[in-house]
Amino acid sequence: MNKILVALLYLTSQFAFSQSPAETIPNTLELEIETTEGEFEESSWEFLFTIGLNVSHAMELNNPIGTDNKGFATNNSLDIGVNYIKENARFNMTNDFHYTIGLLKDGGNSNLPLKRTSDDLSSFHDFSISSKKNQKWNVNLIAKIFTSALKVYDGDFLKDEYQNGQIQGFFNPYDISFSPGIKFQPDDYLRVSLSPYSVNLYGLTNQGIANRGFYTDSIQNNGDYIKKVTSPLGAEVNVWYDRSFKEWLQLQYRVGLSSNYFTNIAKNGLLDGLFITKVKLFTDVYLMHRATLQGDFTNKPLKPHYQQTILLSFSKSF
């Protein structure tokens, strides 16, 4: 009997040690690594970076009818997108950041410093959540922020040429609006948001700039202009459309329309649109058409301000 037990123990030990570690434990590790990598590859974050340049230079020498001139102008843009879009998820988020800067060197007077022609920093944020997975209808909150980035002095100069002080700067002024509502998303490209109520926060952080009287018209008891104004805006509709066609054509369109029924519906509202069209030239380089459309319904007749720029852009998404 003892000989039989010894033989069984010997056979069992030989069987156990004959299994190499590569056939047991590493298999489990490989499975875990594959699972981890799979989750990483399915990341729901999307990033988009685009920078556009438009530069022009003019020079005139020995002008027979007047003074020689030379000038420099540039219009540039920066667009950043940070989105969280996950399939079958209840929560999604869109964040757009846009900046345009235009500079001009006056050709008639070479002694003057660079002049600002545009300095617009804006962002668009949409936070939405659905009651069930894969629903086309969502409850959402839209936030919009608009301000400047540069210190600008009287005359739109970047230096205090006439010693008249600063007239604009970062968050001087700022314009922020919040619009809770319902969003309809029939496909992966089109989104429509309706907000029955929205609120606007407008103001400045610099009392000296506020006291110039360009931005607010109410004066406090101490003689300073007020720096902050909060007002209801009423209903607002936002439509945005993002689509790529075979990687050579990209569209990014945003349109917002508000109507202030707290004063007079359809007669006191705002129109705000941004339209970016990019045509691919070669890898990561595009010819970009950028246009803005803005209007105020209080102006009669309504004449929206339209501005467009064509830029050579570098765009990268990851």
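Is tyrosine 241 buried, partly exposed or exposed, and at what relative accessibility? Tyrosine 241 counts as partly exposed, at 24% relative accessibility. This comes from a predicted model.

**Aromatic pairs**

The whole structure holds twelve aromatic pairs. One of them joins tyrosine 189 and tyrosine 241. The ring centres lie 6.5 Å apart, and the planes meet at 55°. That geometry is tilted, because only angles over 60 degrees count as edge-to-face and only those under 30 degrees as stacked.

Where do the two partners sit? Tyrosine 189 is in the loop between strand 8 (174–184) and strand 9 (190–195). Tyrosine 241 belongs to strand 12 (residues 235–245). The pair therefore ties together parts that are 52 residues apart in sequence. Tyrosine 189, like its partner, is partly exposed, with 30% relative accessibility.

Ring pairs also build a cluster. Its members are Trp45, Phe47, Tyr84, Phe91 and Phe318.

**Charges over rings**

Two cases follow, each with a charged side chain and a ring.

| Charged residue | Ring | Distance to ring centre |
|---|---|---|
| Arginine 254 | Phenylalanine 124 | 5.9 Å |
| Lysine 278 | Tyrosine 286 | 5.5 Å |

Arginine 254 lies over the ring face. For lysine 278, the charged end sits over the ring.

**Serine 44**

Serine 44 is found in the loop between helix 2 (25–41) and strand 1 (45–60). Its relative accessible area is 9%, so serine 44 is buried. Beyond neighbours within four places in sequence, serine 44 contacts Asn83, Tyr84, Ile85 and Lys86. Of these, Tyr84 is also a member of the ring cluster.

Technical notes. Residues are numbered from 1 along each chain as its sequence is written. This is a predicted model: local features need pLDDT of at least 70, side-chain atom pairs count only at pLDDT 80 or more; totals for chains, interfaces and linings use all residues. Side-chain values use heavy atoms; hydrogens and water are left out. Rings of Phe, Tyr and Trp (its six-membered ring) pair if their centres lie within 6.5 Å; planes under 30 degrees apart count as stacked, over 60 as edge-to-face and the rest as tilted. Helices (H or I, at least four residues) and strands (E, at least two) are DSSP runs, numbered from the N terminus. Buried means under 20% relative accessible area, exposed over 50%, partly exposed in between (1.4 Å probe, protein chains only). A charge sits over a ring if NZ of Lys or CZ of Arg is within 6 Å of the ring centre and within 35 degrees of the ring normal. Contact means heavy atoms within 4.5 Å.
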